[in-house]
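Here are a few friendly notes to read beside the structure. Take them one at a time, and look up each residue as it comes.

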Amino acid sequence: MALFKRKSQLDDDLGFGTRPVSANQRLMNSNGTSNVKRIGLPFFRTSDTYNWLISMTWKKFLLVILLAYIVVNILFAFLYVTIGIEHLKGADGLTQRDHFFDAFFFSAQTISTVGYGHISPDGFLTSIVAAFESMLGLLAFALATGLLYGRFSRPNAKIIYSEHMVIAPYKGIKGLMFRMANLRNNQLIEVEVQVVMSYNETIDGKKTRRFYPLELERSKIGLLTMSWTVVHPIDENSPIYDKTAADLAEAEVELLIMVKAFDDTFSQTVHTRTSYRDEDILHQARFTNIFSNDSNGQTVMDMSKIGHIEKLEASE
């Protein structure tokens, strides 16, 4: 028997299909990525290399660049030492350790085409390796520069969301709400939001995943200059009308949030996504006020309080 009133639309599943979730696993992670584990792929594959490098965090990206630089120079240093340190003019180290570091720093100068001149190749084979390394360095630094530019120029939305959704009083009834704001100082125009409720349902003894697009008080605004509290009115037409926290947990409810906006800086459409599970929905709570005025009367918004909430009495 159906726990929720459901609209039957073929395109409501958002590409996730009707396979039920178990152990209250997310369909969509809070950062907007799909929570699907993919196996059976080859260990070495180049199809995702660019996407991996362009979308990873800055900390990981800089670490990958640094590690690649160090590893390549170590490999060439071993190669120069193997050929013979005597073929590097100016490498006057006395120990094997000194020889290795002479070769390592000569490699670093060669791959970056700096060439201080203190150490130079002597001999045909060493010169061939140095020429190949300098060519490799030109290509590698051009690639790294392209990746760096791509990361800076890639349009994306930096919208922060409240950690929880709340069910709070709203115009004589109750409303399911979350709050969001633009983390950047740029202008987001024609901002649209879509909220889809996903839940497990057992029909004829078979558990399946259902999707229900929620009606919103407002699904589109002209400018996201301040915060936006998105509200789904819980009236008689709402699928969660008269549903308790236990009902939502039993159905393993997940709210999928999709936001689309036009970025005035990049002049392109940007997208961002997140999701909330049933345990992220707080009942009898509301968001605290994040606005005030300074001494000049200018409106001040405290971004650190986007997710701050306060509990309500049962009578409210």
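The points below go from the whole chain to its pockets, its cavity and two backbone angles.

1. Please keep in mind from the start that this is a predicted model. Its chain holds 5 helices and 16 strands, so many of the names below begin with H or E, following the run of helices and strands from the N terminus.

2. Let us begin with overall dimensions. Taken along the principal axes, the C-alpha atoms fill a box of roughly 85 × 65 × 35 Å. The radius of gyration is 29 Å, whereas a compact globule of 316 residues would have one near 20 Å.

3. How much of the chain is buried? Of its 316 residues, 37% are buried. The accessible surface comes to about 19,100 Å², and carbon and sulfur atoms account for 57% of that area.

4. Next, consider which parts of the sequence touch. Among contacts with a separation of 6 or more, 69% join residues 24 or more positions apart. This is worth remembering when you meet linings built from separate elements.

5. The largest pocket has a volume of about 1,300 Å³. Its lining counts 31 residues, and those nearest the centre are Asn-31, Thr-33, Ser-55, Arg-154 and Arg-273. At least two lining residues come from each of helix H1 (49–55), helix H4 (124–153), strand E3 (159–161) and strand E11 (268–277). By character, the lining of this largest pocket divides into 11 nonpolar, 12 polar and 8 charged residues.

6. Now turn to the second largest pocket, with about 370 Å³ of space. It is lined by 13 residues, and Ile-65, Ala-68, Tyr-69, Ala-140 and Ala-144 are the closest to its centre. Helix H2 (58–83) and H4 each supply at least two residues of this lining, with H4 giving the most, 6 residues. What is the character of the residues that line the second largest pocket? The count is 13 nonpolar, no polar and no charged. Set that beside the largest pocket, where 8 lining residues are charged.

7. There is also an enclosed space to find. The count comes to 1 cavity of 30 Å³ or more, and the largest cavity holds about 30 Å³. Its lining is made of Met-165, Leu-176, Phe-178, Val-195, Leu-214, Leu-216, Val-230, Val-231 and His-232. Strand E5 (173–182) and strand E9 (228–234) are the elements that give two or more residues to this lining, and E9 gives the most, with 3 residues. The lining of the largest cavity divides into 8 nonpolar residues, 1 polar and no charged.

8. Finally, check two backbone angles. Most residues other than glycine have a negative phi. Glu-190 is not a glycine, yet its phi is positive, about 50 degrees. You will find Glu-190 in strand E6 (residues 188–203), where it is partly exposed, with a relative accessible area of 39%.

9. The second angle belongs to Glu-252, whose phi is also positive, near 50 degrees. Glu-252 sits in the loop between helix H5 (245–250) and strand E10 (254–263). Is Glu-252 buried or exposed? Its relative accessible area is 12%, so Glu-252 counts as buried, the cut-off being under 20%.

Methods:
Residues are numbered from 1 along each chain as its sequence is written. This is a predicted model: local features need pLDDT of at least 70, side-chain atom pairs count only at pLDDT 80 or more; totals for chains, interfaces and linings use all residues. Side-chain values use heavy atoms; hydrogens and water are left out. On a 1 Å grid over the protein atoms alone, a cavity is a set of points where a 1.4 Å probe fits but cannot get out, and a pocket is an open set with protein on both sides within 12 Å along at least five of seven lines; lining residues have an atom within 4 Å of a point. Grid points are joined across faces, edges and corners, and a volume is the space filled by probe spheres set on the points. Helices (H or I, at least four residues) and strands (E, at least two) are DSSP runs, numbered from the N terminus. Ala, Val, Leu, Ile, Met, Phe, Trp, Tyr, Cys and Pro count as nonpolar, Asp, Glu, Lys and Arg as charged, and the others, Gly among them, as polar. The radius of gyration is taken over C-alpha atoms; the globule rule is 2.2 Å times the number of residues to the power 0.38. Buried means under 20% relative accessible area, exposed over 50%, partly exposed in between (1.4 Å probe, protein chains only). Contact means heavy atoms within 4.5 Å. Accessible areas come from the Shrake-Rupley method with a 1.4 Å probe; for residues, only the protein chains shown count as cover.
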